[in-house]
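Here are my notes for anyone opening this one for the first time. Have the sequence and the 3D view side by side while you read.

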Amino acid sequence: MTASISFFPVGNGDMTLIKTENGHRILIDMNIRAAADDPDEDTPDVAKKLRERLTRDSHGRLFLDALLVSHPDQDHCKGLKKHFHLGPQDSWSKLHDRILIREIWSSPLVFRRASRKHVLCDDAKAFNSEARRRVRKVRESPWEVTDGDRILILGEDEGGKTDDLRNILVRVDEEFSRVNGQNDRSMRARLLAPLPACDNDDENLLSKNNSSTILRFSFSGGGAGDRCRFLSGGDAEVAIWEKLWDRYCKHADFLSYDILLCPHHCSWHSLSEDSWSELREQGEVSRDALSALSQAREGATIVASSNPIKDDGNDPPCIGAKREYEAIMRKHQIYGSFECVGEQPTVRSTGVMEFEIGTYGSRLKPSLMMASSVVGSGAIGRQALAHGNGKS
């Protein structure tokens with residue numbers, strides 16, 4: 001089976017479907033807007049596009065092998081209750097025909113920090129409740145957990161609350177290949193965040209955006225290992241990328257990628273603490289955050305899951321952030337490109353941006369290559385960058 005990564009046109013939101021070479025399907029986030037159900041609206045029907053890419057089990061149920069909500073913003077979980085089955089799989093209804101989630105990937109820190117100061121939307125509350133139901137099932141009868149009850153905990157909770165869940169717990173820095181209780185030899189994922197809190201962390205570092213789950217995947221293609229590395233960072237902002245560079249600057253390969261989903265829909269605030277609308281090009285780019293996000297391998301693609309990017313004061317998406325990402329390719333002479341999902345294949349007619357992963361790496365499917373641009377040649381270094389008007 002050909003591995004692939006598909007980015008759905010969901011405006012300023014995220015919805016990414018991974019298909020591994022071993023056939024597992026993993027969805028990261030969703031933004032299934034109600035307007036997509038209105039035939040008079042031109043909002044892409046991403047629920048239909050997702051269903052077309054899934055298969056049914058022996059009971060006729062469409063299913064995902066795993067679902068991750070990177071953090072509980074509405075533009076990362078909208079449509080969950082309407083389109084996905086929640087609760088035990090025995091209660092699945094043919095009438096509603098919702099998508100069964102065999103395994104949930106959940107970070108308790110994300111929801112714990114979010115709920116302190118931010119009211120969760122209904123879909124976020126539903127995801128959190130489903131994760132808690134599955135954890136209870138594991139605690140009550142761990143040997144009876146099957147499809148529809150499985151959960152993988154990404155990161156330790158506060159106060160030792162996950163110490164008894166070691167069989168389903170992935171700690172920060174650890175790699176895993178498990179999908180729905182099975183080892184998938186065609187995939188490895190390393191958990192990079194959310195990072196545990198430190199005594200000197202300010203409140204901003206513990207916000208819901210900055211508690212986003214960050215994973216760096218490595219996928220096989222054509223039977224060969226490590227053909228494509230994918231870095232997914234939710235809405236993590238500049239302070240987190242600075243911390244990640246401080247943590248991994250001597251192991252920068254942990255941050256390397258062939259495909260980067262640029263965080264927070266190509267937001268300036270993943271690169272700078274300054275306001276783009278107020279300072280524009282005079283805003284100061286963080287040297288360390290840029291270094292963390294610059295570990296591209298030759299031929300890399302940086303993808304913005306956002307509305308079309310314009311030269312205006314909007315953020316996100318931000319034209320200034322786009323220029324910084326494009327400069328990564330030029331400065332380090334990489335054959336690569338920057339792509340915006342909201343502009344492919346055209347602004348008026350957006351489609352699913354799909355990358356196929358084969359023996360020679362990842363490749364944007366031909367139907368969506370018309371807007372691609374190629375810049376430079378060569379390979380990127382692994383040291384901190386002296387780029388733009390950055391700071392130490």
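The points below go through the cores, a helix, a loop residue, some strands and the salt bridges.

1. A caution before anything else: this is a predicted model. Please read each point with that in mind.

2. Start with the nonpolar cores. The largest one has 71 residues, and Phe7, Trp105, Phe217, Phe230 and Tyr325 have the most contacts inside it. Helix α5 supplies the largest share of this core, 6 residues. Another core, of 38 residues, lies apart from it and includes Leu67, Cys77, Phe127 and Leu169.

3. Phe230 is a good place to zoom in. Leaving out residues up to four places away in sequence, Phe230 touches a long list of others, among them Ile5, Phe7, Ile18, Phe217, Phe219 and Leu261. Thr16 and Arg216 are on that list too.

4. Now for α5 itself, residues 238-248. Why is helix α5 largely enclosed by the rest of the structure? It is because 8 of its 11 residues are buried. Those buried residues are Val238, Ala239, Ile240, Trp241, Glu242, Leu244, Trp245 and Tyr248. They pack against three strands, β16 (187-193), β17 (214-221) and β18 (224-232), and against the helices α6 (263-266) and α8 (287-292).

5. Just beyond that helix, look at Leu255, in the loop between α5 and β19 (257-261). Is Leu255 buried or exposed? Its relative accessible area is 0%, so Leu255 is buried. Setting aside neighbours within four places in sequence, Leu255 is in contact with Leu244, Trp245 and Tyr248, as well as Leu192, Arg216, Leu231, Ala292 and Gln295. The C-alpha atoms of Leu255 and Arg229 are 9.2 Å apart, with the two positions 26 residues apart along the chain.

6. Strand β10 (residues 103-106) deserves a look from both faces. Glu103 and Trp105 point one way, Ile104 and Ser106 the other, and all of them are buried. In a regular strand, side chains alternate between the two faces of the sheet. β10 pairs in the parallel sense with β6 (residues 66-68) over 2 bridges, and Trp105 is the bridge partner of Leu68. β10 also pairs in the parallel sense with β11 (residues 150-154), over 4 bridges, with Ile153 as the bridge partner of Ser106.

7. There is also an open sheet of 3 strands in the order β5-β9-β8, with parallel pairing. β5 (63-64) and β8 (84-85) are the edge strands, each pairing on one side only. Between β8 and β9 (residues 99-101) there are 2 bridges, and His85 has Leu100 as its bridge partner.

8. On to charges: the count comes to 25 salt bridges. Asp97 and Arg56 form one of them, with the closest N and O atoms 2.9 Å apart. That pair links the loop between β8 and β9 to the loop between α1 (46-51) and β5, 41 residues apart. Asp97 counts as buried at 17% relative accessibility, whereas Arg56 is partly exposed at 40%.

9. Two more pairs are worth finding. Arg139 and Asp164 form a salt bridge at 2.8 Å between the closest N and O atoms. Arg139 lies in helix α4 (residues 122-140) and Asp164 in the loop between β11 and β12 (169-170), so the pair ties together parts 25 residues apart in sequence. Asp311 and Arg323 meet in a salt bridge at 3.1 Å, N to O. Asp311 is exposed, at 52% relative accessible area, and Arg323 is partly exposed, at 32%.

10. Finally, find the network of salt bridges that links Asp226, Arg229, Asp253, Asp258 and Arg297.

Definitions and conventions: Residues are numbered from 1 along each chain as its sequence is written. This is a predicted model: local features need pLDDT of at least 70, side-chain atom pairs count only at pLDDT 80 or more; totals for chains, interfaces and linings use all residues. Side-chain values use heavy atoms; hydrogens and water are left out. Buried means under 20% relative accessible area, exposed over 50%, partly exposed in between (1.4 Å probe, protein chains only). Contact means heavy atoms within 4.5 Å. Two strands pair if DSSP finds at least two bridges between them. A nonpolar core is a set of buried Ala, Val, Leu, Ile, Met, Phe, Trp, Tyr and Cys residues joined through side-chain atoms within 4.5 Å. A salt bridge is a side-chain nitrogen of Lys or Arg within 4 Å of a carboxyl oxygen of Asp or Glu.
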